[in-house]
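Thank you for asking for a reading of this model. The note is written for someone who has not seen the structure before and may want to follow it point by point.

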Amino acid sequence: MRRYFLLVVCLCLASLLRAQNKLELISPNGELKVSLNLSDKIYYSIDYNGDVLLKDNTLQLTLRNQVLGQNPKLRRQKRTSVDEQLTPIVPLKYAKVNNRYNQLLLTFKDYSVEFRAFDDGVAYRFITSQKGDVEVMNEEFAINFPSDYLLHLQQPGGFHTAYEEPYTHVQSNAWKPEERIAVLPVLIDTQKDYKILISESDLADYPCMFLKGTGTNGAISVFSKAPL
């Protein structure tokens, strides 16, 4: 009887660990969903009303002495909801901006990853608990398209750009790693009912992100290095 009880306990613990490694975050209106899977990396997929838009994407942050997001071991998670109005310092289109989202904070050893699901978008960021300056060596932002998408890109010849290049229009399956990189924002036409815009915000002492094709119907981040 004792052996049977121990087996049941072990099975319950294994099921609990699997449940912790697979998480979901849903937008306030319930239409946009982020599905996360924690294994050798942090994987996430995004779907809208059950239609998968981006699949098995990954994220990592390589520091001088540590890789955040590599073999992640979840310690705890915290969910919050925010519904507020922001007042822009320089109001352009609106004097007030609605800021409504659900948030999932995943805490690992020495760092956290925060996901936010809005009704019309998804955002994430790394948060470190290290003291003093943090030296970032590289950042991995990798996305994969479930089908052939049409990409609208500004593709400079390198990292020096005035953001005035004419837009090119490339099928995602045809974007090879050796071809020109693209500046943000990148507009993606799923050729269904959705368009996806990739951008970034709140850069300080950090290079802006460029994207390059993977040759396997995806894109990955590229960053300029600090000059010697």
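The numbered points below begin with confidence and overall make-up, and then turn to particular strands, residues and salt bridges.

1. Please keep in mind throughout that this is a predicted model. The mean pLDDT of the chain is 90, and 91% of its residues reach 70 or more. Two stretches fall outside that description: pLDDT stays under 50 over residues 1-5, where the model has zero contacts beyond four places in sequence, and pLDDT also stays under 50 over residues 10-14, again with zero contacts beyond four places in sequence. Where pLDDT is low, the predicted coordinates should not be read in detail.

2. As to the overall make-up, the chain contains one helix and 17 strands, and its C-alpha trace spans about 75 × 45 × 40 Å along the principal axes. Of the 228 residues, 35% count as buried, while the chain exposes about 14,300 Å², of which carbon and sulfur atoms supply 53%. When contacts with a separation of 6 or more are considered, residues 24 or more positions apart account for 52% of them.

3. The hairpin of β14 and β15 is a good place to look at side chains in some detail. Strand β14 (residues 186-189) pairs with β15 in the antiparallel sense over four bridges, and Val186 stands opposite Ile198 in β15. Five residues lie between the two strands, and in this hairpin Gln191 takes a positive phi near 60°.

4. Which residues of strand β15 point to the buried face? In a regular strand the side chains alternate between the two faces of the sheet. Along β15 (residues 195-198), Ile196 and Ile198 point to one face and are buried, whereas Lys195 and Leu197 point to the other and are not buried.

5. The loop of this hairpin also takes part in a salt bridge, since the side chains of Asp51 and Lys192 meet at 3.5 Å, N to O. Asp51 lies in strand β4 (residues 51-63) and Lys192 in the loop between β14 and β15, so the pair ties together parts that are 141 residues apart in sequence. Asp51 counts as partly exposed because its relative accessibility is 22%, and Lys192 is likewise partly exposed, with a relative accessible area of 46%.

6. The structure holds nine salt bridges, and another of them joins the side chains of Asp47 and Lys33 at 4.0 Å, N to O. Asp47 belongs to strand β3 (residues 42-48) and Lys33 to strand β2 (residues 32-38), so this pair ties together parts that are 14 residues apart in sequence. Is Asp47 buried or partly exposed? With a relative accessibility of 12%, Asp47 counts as buried, while Lys33 is partly exposed, its relative accessible area being 24%. The two residues do not stand alone, for Glu24, Lys33 and Asp47 are linked in a network of salt bridges.

7. A further salt bridge is formed where the side chains of Arg100 and Asp119 meet at 3.0 Å, N to O. This pair links distant parts of the chain, with Arg100 in strand β7 (residues 97-108) and Asp119 in the loop between β8 (111-118) and β9, 19 residues apart. Both partners are partly exposed: Arg100 has a relative accessibility of 35%, and Asp119 has one of 24%.

8. Strand β9 (residues 122-128) includes Arg125, which counts as partly exposed because its relative accessibility is 44%. Leaving aside neighbours within four places in sequence, Arg125 is in contact with Ser112, Val113, Glu114 and Arg116. Arg125 and Leu105 are 20 residues apart in sequence, and their C-alpha atoms are 9.8 Å apart in space.

9. Finally, a word on the surface: which residues form a nonpolar patch there? Leu86, Tyr94 and Val97 do so, with about 270 Å² of accessible area together. Leu86 lies in strand β6 (residues 76-86), and at 38% relative accessibility this leucine counts as partly exposed.

How values were computed. Residues numbered from 1 in each chain as written. Predicted model: local features only at pLDDT ≥ 70, side-chain atom pairs only at ≥ 80, totals over all residues. Heavy atoms only, no water. pLDDT = per-residue confidence, 0-100. Contact = heavy atoms within 4.5 Å. Patch = residues over 30% accessible without salt bridge, like charges linked within 9 Å, V, L, I, M, F, W, Y side chains within 5 Å. Areas by Shrake-Rupley, 256 points an atom, 1.4 Å probe, with all protein chains shown as cover. Buried < 20%, exposed > 50% of the residue type's maximum accessible area, 1.4 Å probe, protein only. Pairing = 2+ DSSP bridges.
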